Structure formats: structure tokens, C-alpha cells
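Biologist: I am new to this structure and would be grateful for a close look at one part of it. Please describe the interface between the two chains, together with the chain that forms one side of it.

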Amino acid sequence: MKIVKPILAAALLALASGTAANAARTDLVVGMVLEPPHLDPTAGAAAAIDEVVYANLFEGLTRIGPSGEVQPALAESWEVSEDGLTYTFKLRSGVKFHDGSDFASDDVKFSLDRARAEGSTNAQKGLFAAIDSVEATDPTTVTVKLKQPQGAFLYNMGWGDAVIVAPETADKNQETPVGTGPFKFGNWAKGSSVTLVKNPDYWGEPVALDKAEFRFIPDAAAAIPAMLSGDVQAFPNMPVGDALPQIQSDPRFKVVIGATEGETILSTNNKKPPFDNLKVRQAIAHALDRKAIIDGGSSGLGVPIGSHFSPANEAYVDLTGTYPYDPEKAKALLAEAGFADGIKATLKLPPPGYARDGGQVIASQLRDVGIDLEIIPVEWADWLQQVFKDKDYDLSIVSHTEPNDIGIYARKDYYFQYDNPDFDKVIAELDVTSDQAKRNELYKQAQKILADDAVNGFLFELPKIGVWDAKVEGMWENSPVQANDLTKVKWTD
Amino acid sequence: MAAYLAKRFLIALATLIVASMVVFAVLEILPGDPAQLMLGMNASPDAVEALREQMGLNQPVVLRYLAWIGGLAVGDFGRSFTYSSPVIELIAERAIVSVPLALMSLALSTVIAIPVGLYAAARRGRASDTAMMGAAQVGVAIPNFWFALLLIYVFAVWLRLVPAGGFPGWSGGIWPGIKSLLLPAVALALPQAAILARVTRSALLEVLGEDYIRTARAKGMPRRIVLWRHALRNAMIPVLTIMGLQFAFLLAGTIIIENVFYLPGLGRLAFQAITQRDLIVVEGVVMILVASVIAVNFLVDVAYAVVDPRLRLAA
């Protein structure tokens, strides 16, 4: 009996793993670090919401594709009037919500009006600010009138915050989301996982996966064994840390280092002396050695940036040479500004590794030129309150992950406290320009102004370390929006 | 006995009320605006204000405390800000992980610790005693998260006998649930067993020095019988005290192990709720834990009375 038992167990085990390997796989377990607080992308800013539902469960009029381009979604085509004020969307017909009800133009009107209403808790109300009226002209046509032309309107309508919801189910989307996407909601084991299942009535090309489970693994030490044991087969944004070489050398996995929209910056309080002095900010810029910061804060991964713009964007200009690393020049600038004896300031660091580890490197680089930083670690809630809301800080490090967010520098109440009328003019013009070539030109001007003003210390673009089973195809390599689009994902054999 | 129980109950109730005030006050002074946290960095100020109003955060503190405590009195724990579902449901969802896990590890640690303690006490000063207490010392010293990672690499990554983490729920049957709790239970039980074994041994040694033990031996009773019947029973009081404390710890203090195995337990619920400033959830979880600690203490008191007739008679 003593010998029989282990043999039996081994046989059972072999049987179990054998069947798992031979069956054609149509299921996928995707690892994510953070659990979404709820599943309604129109009522919260948490990236984790979009990372589960964007393109999978909910769809908007337009959508953002893998390279950040605008693609048709629920609107199959659109026309823009000569003056740029009227958008006429032609909607797809035969689209059904997951609860079986029909999708039509009044759902679009409802969703957009709800998002921009007075008491709306949509986290990105700014996306809808230009809308003057929304009319359901006929069941498959929607006319949107704008107060002024808005160059990025079609892009804005592709955000997760602008997805189309049904009036009957909108209030229950936080718990049991109902959308039009190729996956529908399965179940949510709180604290553990969200499961989506294939929507058999999808209007478009059906997905290859029958079941997709998003499993939440907050700890890096747990993420690696979860991947190694095969429990999780894809981790689009994995906290690998020092284990990267181990995973890269394992032929079972594909590792893709992609780009995000996360500009990692040394945020600077532009109204607080001495940082209101341009020379001081230039001195900081000259004191930063981006390579050492990337090595120390991001395991050597990440593209250096010289302004607040993603290198993946076609309008990007490389401005890293504006104030090259030059500690002597930094000291000279500080002396010129009247701080030959040095500066004492604080550096408030939120929890992510790029901030906590990168902060150590930056503090030592700035100490070399005479800026003595006291490091204050803060948790996220504290950071949002003290730094972001109350603007009670000197310097901080954070990654701004929203796509195309250079416009935040024109906001007067934003925590950088930056104020430059020339920059505001460029952004205002950008707002009313739809011509792509002209827009790119304006984006370039905006980047240049920010770099010259050394508004913040511009460090690097946050990398996205994607790890998935070598047999899985169709995962996004870059992350132009916060999403884990599984619509093209399949297993190959 | 009834008067004694009533007194205990009133003390427990007073403890709960004081705890509720402390918890509420501490969370009140915690910095961070839940509404801002939910809506994030790009949120417009009026959206944040609208959400604050919806969440009732603009009401005075005293009113909010009274509303909350009034709800608790009738079993209404309120609704989570972030999950937007009733707090009691969230706690129940997590308790079906945490309670079985705590029971499994307590059982495991007891099954290991009591025999080891007995054996070591019976062979005091001999090599086997030294070896066992040395091992127990190591067990106390090993950090349980490190031990947990070791278990994961051996049993999940290498042998693939159990999942590396996560919890499938009980709906798919008992066995998958038990299987995913096995490694965490072992990781939690080992250090607890080491402590319990040391306590058992020293409690036994103290008892073994008593006169009645000598008398029992003198009248010719075999060592084994003396040990089990006379010594162990009398040594149980400190052992039960430690077990009660350990159960309370296992219920809530397992946040590190829950993270390593990404288990959706009570510890992680509390931790997440604190970082997201989901105050009503923190308050609810803490109150439930306070209540369960009080309940466990009460049970330990009852157990004292069972093992020690003197306490029964005095009461």
C-alpha cells in the first residue's frame, strides 16, 4: 500500500496534465498587479478598470488601436463638417448589448449626455467639454455638435471613459457590466479574479478565446512563480524586477519590452521658491544623468525623454539634448541664481519602484551639485492629497500614464503650477486644429517650450514588460492606452 | 454562572464600542481624500466634489459616526465606496478563505506542536530534547514568507502538485479549495507550531516538578500515564492561551502570506481598503476582527473551566 499510493498519485497527475496539454486551448489566464475597484470605465480613473474591460467588454464610437491610432468601433464611419463643428456618426446596425437589447443611436445620446452631465462622476469630463449637443437623428445616425472645433475629438471618443452603455443597465455596470464587446461578463471573485466569457452574438469578428480570466497578483514575488508554474499564461505588464534574465532565458515564454504612455518625470513645484527660478530648474536638468536613473529605477529599461511626450508618437521630437548631463554647468547655474551655498528641499516619493529606487539615484545626483534633498516616502492616498491636491511639495517623482496628456501643462490648477501664456496659446490652437500635419507641428512646439522651460525633470518613458506563453499570439506589445485587448489573442500549436 | 457570563458579555460590548470609536477616530485623521483617490490624477475638481457628496463625505464627523454605529447595531455594515457592494458581503467572501485557512493552520500546528512538546519534556536534557528545541528555535526564526516561497518553488513550480497561489473558491468542490490552501497553511503553521511546542514543553516541565507528579510516580504509575493524564491536562492552560492568541493572529495577521499566495483573505481586504481609503470597509473588517478576538478569548475562558475544575467551581 505504501508504494501503490505515490504511483497512483503520479498516474493521476500525468493524466491531468496530459489532457490539459492535448485539448485545443481556448482559455487564458492573464495576470494583473492591481484589482479594479469596480468595472465601470465611465465612473472611475483606475487603470485596472480599462485593463479588464476596454475593447473586450465595452466599446465606444471609436477605439484606439495597438499603435495608438483611431479606428472605427460602434460608429462604422463619420463625417466632419467644413467648420469642424458637426460630427455625423453612422452607427453599425445589428449590434446587441449583452443583455439582449438592441444598440441604437439613443444609447449613444444617453451615454454622452450622462458623461457630461452636471453631477457626473466621469473621471475625464474634459473629454466631453467641447460637446454642445448630441442628437439621435435616426436609429443609426448620431449628430454631435461642438462648441468649438476640437482636433482630438475622435481620439477622445475612443477613451475607455467614453464607451457606450445602455440606459437600463448603466447604474449596475460597476458590479455586472453590460456592454457590446466580443466578451461578456462572467463572474468576479472579489480579491481574486474577473472572468469574461465569449459573446456568441457579437456583431464583428468573433474572438478565439472562450474564456479569459484576469487574475490579480499584487506581489512581484508571487507573480514570477505564478508564471513559472503555468497558472498564469500571460502577464502584459509584469513586475519582474531582477528575475527578468531568468524569464527571458526560458524558452516557454515570450518577453516583449514595449512602450507605454507613461512619462516618468521629476515633478517640480514651479511656484515654490527656489524652483520658480528658471536657472534653478535648468541646473536640476543639467544635474540629472538619465542613464543612471533608468539603470537604478527601471532595471535599465525605458527610453530617455527630454519633454512630456511619448517617443512612440509620430509628433515626438528628441529634446534630451536641451540640457545635457553636466554637473559643472549645474553648479554654475545655481551660483548665478544666487544659491552658491546650495539648496535644501524635499522629495516626496509614491510607492512604485521607479519612484522609490529612482529617487535615491536622483537625490545623490542632485547632492553632487549642491541640492540636498530630504526623501519622504508617501503612500498613494497621501501623495494624491499632499502633492497632487494641496501642492504641498518641492519635488516628486511620478509617471503620467494618460495618453497624449501634454495639455495638463496648460491647466492653471495643476500641481506643477506651471504658467506660460505662450504654451497655453499653442495648446489652445491645438484644440481647434484637426489637420494632422498641423497638429504634429503644434505638438512639436509644445514639447520644445516645456523642455526649454525645464518645467519638470524629464526622465524616461516607462517600459511595459510583457511576458506571455510562447504559444500565445495577438497580445499588444505596446500600451498606447491602458488596455489588455484580447480580441485578437489566440493559442497556436 | 449566569451572572459571570452576563458580566463578560457587558465587558465585551464595552470593548466593542470603545474599539469602534478608536477605529473611527484613527481613520478620520488619516490623510487622503477617498473621492480623489477613486477618480485619479486627471479628474476634474467638480467630479471629485460630486463624488464626495454622493459618498456622504461632506457631512459632519459625529453624524457619520452615529449613522455608522446605528447601522452596525442592526447588522448593516454599509456599502463599500470602491467596490460599491455591501461591506458584509465583502467580509463574507473573504471569510470563506480566511476562516478555513486559520483553522487548517491551527489544526496543523497543534498536531505537530503537542506531541513534540510532550516528547521533548519527557526527555528533558537529552540529545533528542536539545535537537527538537533547536529545530523549534529555527522554526521561530525563519520568516514565514521566505518559507512560503521555498514551498512554492518546490511544490508548485518544480513538482507542480499544487497551484502557486490564488484561490478558486468553493463552488468547484472542496478539494481544489483545500489544495490551494495547503501550502499557505503549512507556511503559517510551522512558526506557530514551533512557538506552541516550546510553550507546551516549558508548561509541562513546570508541572512535572509538582508534588502530585512525584506521588503518582511513587505509587507505581507508569511514566507515560502520568505524563498524559496528570501532567498534560494541568499544563494545558498556557497552551490554550497561546492557541487562542494564535487563532486571532491567523485570522487577520496573515497579510504577508496572503500576498505571497495572492489569496483573497481578510488581511488583504483590510490592507487594500486602507490604501484605497475605503474607510467603511476598514471599519467593518476591524470591527469583525475585534468581535472575533473577543469571542475567541471567551471560548478560551470556557476551555479553561473545562480543563480546570477549580475555575468551574469558583465561577
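Modeller: The account below begins with the chain, moves to the interface and ends with two helix contacts.

This is a predicted model, in which local features need pLDDT of at least 70 and side-chain atom pairs count only at pLDDT 80 or more, while totals for chains, interfaces and linings use all residues. Residues are numbered from 1 along each chain as its sequence is written, chains are lettered from A and ligands numbered from 1 in the order in which they are written, and side-chain values use heavy atoms, with hydrogens and water left out.

Chain B has 14 helices and zero strands; here helices (H or I, at least four residues) and strands (E, at least two) are DSSP runs, numbered from the N terminus. The C-alpha trace of chain B spans about 85 × 60 × 35 Å along its principal axes.

At the interface, 45 residues of chain B are in contact with 51 residues of chain A, contact meaning heavy atoms within 4.5 Å. The size of an interface is often given as the accessible area lost when the parts come together. Between them, chain B and chain A bury about 3,800 Å², with 54% of it on carbon and sulfur atoms; buried area is the accessible area (1.4 Å probe) that two parts lose on being put together, summed over both.

Two salt bridges are counted between chain B and chain A, a salt bridge being a side-chain nitrogen of Lys or Arg within 4 Å of a carboxyl oxygen of Asp or Glu. In a salt bridge, the side chain of B:Asp33 meets that of A:Lys389 at 3.0 Å, N to O.

On the side of chain B that touches chain A, two or more residues come from each of α2 (34–39), α3 (45–55), α5, α7 (144–158), α11 (255–260) and α12 of chain B. The largest share, six residues, is given by α3(B). By class, this side of chain B has 25 nonpolar, 13 polar and seven charged residues; Ala, Val, Leu, Ile, Met, Phe, Trp, Tyr, Cys and Pro count as nonpolar, Asp, Glu, Lys and Arg as charged, and the others, Gly among them, as polar.

One helix contact joins the two chains. Helix α5 (residues 220–228) of chain A packs with α7(B) at an angle of about 10°, and their axes are 10 Å apart. Axes are lines fitted to C-alpha atoms, for helices over the stretch in contact, and angles run from 0 to 180 degrees between N-to-C directions. Because of this angle, α5(A) is roughly parallel to α7(B); angles under 35 degrees count as roughly parallel, over 145 as roughly antiparallel, 65 to 115 as roughly perpendicular and the rest as oblique. A:Ala221, A:Ile224, A:Pro225 and A:Leu228 of α5(A) make the contact with B:Leu149, B:Ile152, B:Tyr153 and B:Val157 of α7(B). This contact has eight nonpolar residues, no polar and no charged ones.

Another helix contact lies within chain B. The axes of helix α5 (residues 87–122) of chain B and helix α12 (residues 266–275) of chain B come within 8 Å and cross at roughly 140°, so α5(B) is oblique to α12(B). Among the residues in this contact are B:Leu90 and B:Arg94 of α5(B) and B:Leu269 and B:Gln272 of α12(B). By class, the contact of α5(B) with α12(B) has five nonpolar, two polar and two charged residues.
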